[in-house]
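Q: Could you walk me through how to read a protein model, feature by feature?

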Amino acid sequence: MKILIIEDEQEIADGICTILEQAGYETGLAFDGQNGLEEMQSGVYDLVLLDVMLPKLSGFEVLRKARNDGVFVPVILLTALSETGDKITGLDCGADDYLTKPFDAGELLARIRARLRRPEESIQNGLSFADLRLEQATFKLCGARKSVKLARKEYQLLEYLIVNHGQILPRETIITKIWGYDEESKYNQLDVYISFVRKKLKFVESRAVIVTTKGIGYSLESGE
């Protein structure tokens, strides 16, 4: 799991990074609202910890813009603002939770686990799109009349496309999400696995299609 920390105070940001990395999470950092928004839009993070008092764009502005752009990654606001009105504003902007500074490391980790648990439980019960169903327990792709077993990378790739269906996902974003950083050799592998998944979609006679946007990336469309 990869968590983005948007916090302009270096010492606080480093402290949160240490807490999260000791708990087994990967982390990314942004020190102002504009850069934080761009990182959120990258699609590589599973959760965002967002400060409110930020340079360039406030946390509220970042959250509004991200939600308006269709970015629905879970967001926990971390801020010194403790007034009820501020909490309401944050939640109305699209925050999933709100934690007031100073906070206990144990509580922070518990809230993160709670937010990450919900989408995982949903995925464990299966993902559906168009005439497809993707089953996590068996790595099985089910169409209306046929089903087929997927390899792990095929499953991860199709899962990511389904969760973000209708969005053009840049090649770099997909590679980072599925294979991680520093994997230049994975560019060819992405093309190979896209081909594999397309064949599986054809085998189960699905109308869903993976669309290539030349020079950018891929999107999953219903094919209707």
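**A serine, a sheet and a helix**

A: Let's begin with one small detail: the side chains of Ser-219 and Glu-221 are joined by a polar contact of 3.0 Å. Such a contact is a pair of N or O atoms within 3.5 Å; within protein, one must be able to donate a hydrogen and the other to accept it, and residues adjacent in sequence count only if both atoms are side-chain atoms. Keep in mind that this is a predicted model: local features need pLDDT of at least 70, side-chain atom pairs count only at pLDDT 80 or more, and totals for chains, interfaces and linings use all residues. Residues are numbered from 1 along each chain as its sequence is written, and side-chain values use heavy atoms, with hydrogens and water left out.

Q: Is Ser-219 buried or exposed?
A: Buried means under 20% relative accessible area, exposed over 50%, and partly exposed in between (1.4 Å probe, protein chains only). Ser-219 has 2% relative accessibility, so it counts as buried.

Q: Which residues does Ser-219 touch?
A: Contact means heavy atoms within 4.5 Å. Leaving out residues up to four places away in sequence, Ser-219 touches Gln-167, Ile-168, Val-209, Ile-210 and Val-211. The C-alpha atoms of Ser-219 and Asn-164 are separated by 8.0 Å, though these two residues are 55 apart along the chain.

Q: Which strand holds Ser-219, and how do strands pair?
A: Strands of a sheet pair through backbone hydrogen bonds, either parallel or antiparallel. Helices (H or I, at least four residues) and strands (E, at least two) are DSSP runs, numbered from the N terminus, and two strands pair if DSSP finds at least two bridges between them. Ser-219 is in strand S12. Three strands make an open antiparallel sheet in the order S10-S12-S11. S10 (169–170) and S11 (209–213) are the edge strands, each pairing on one side only. S11 and S12 (residues 217–221) share five bridges, and Thr-212 has Tyr-218 of S12 as its bridge partner.

Q: What lies across that sheet?
A: Helix H6 does, running at about 70° to S12. Axes are lines fitted to C-alpha atoms, for helices over the stretch in contact, and angles run from 0 to 180 degrees between N-to-C directions. The expected span of a helix is 1.5 Å times one less than its number of residues. H6 has 12 residues (152–163), so it should span 16 Å, and its end C-alpha atoms are indeed 16 Å apart. Among its buried residues are Tyr-155, Leu-158 and Ile-162.

Q: How many residues are in the largest nonpolar core?
A: A nonpolar core is a set of buried Ala, Val, Leu, Ile, Met, Phe, Trp, Tyr and Cys residues joined through side-chain atoms within 4.5 Å. The largest one here has 29 residues, and Leu-141 and Leu-220 have the most contacts inside it. H6 gives the largest share, six residues. Another core, of 23 residues, lies apart from it and includes Leu-4 and Phe-60.

Q: What about backbone oddities?
A: Most residues other than glycine have a negative phi, and most peptide bonds are trans. Lys-56 has a positive phi, near 75°, and sits in the loop between S3 (47–51) and H3 (59–68). Its 67% relative accessibility is why Lys-56 counts as exposed. The peptide bond from Lys-101 to Pro-102 is cis, with omega near -10°.
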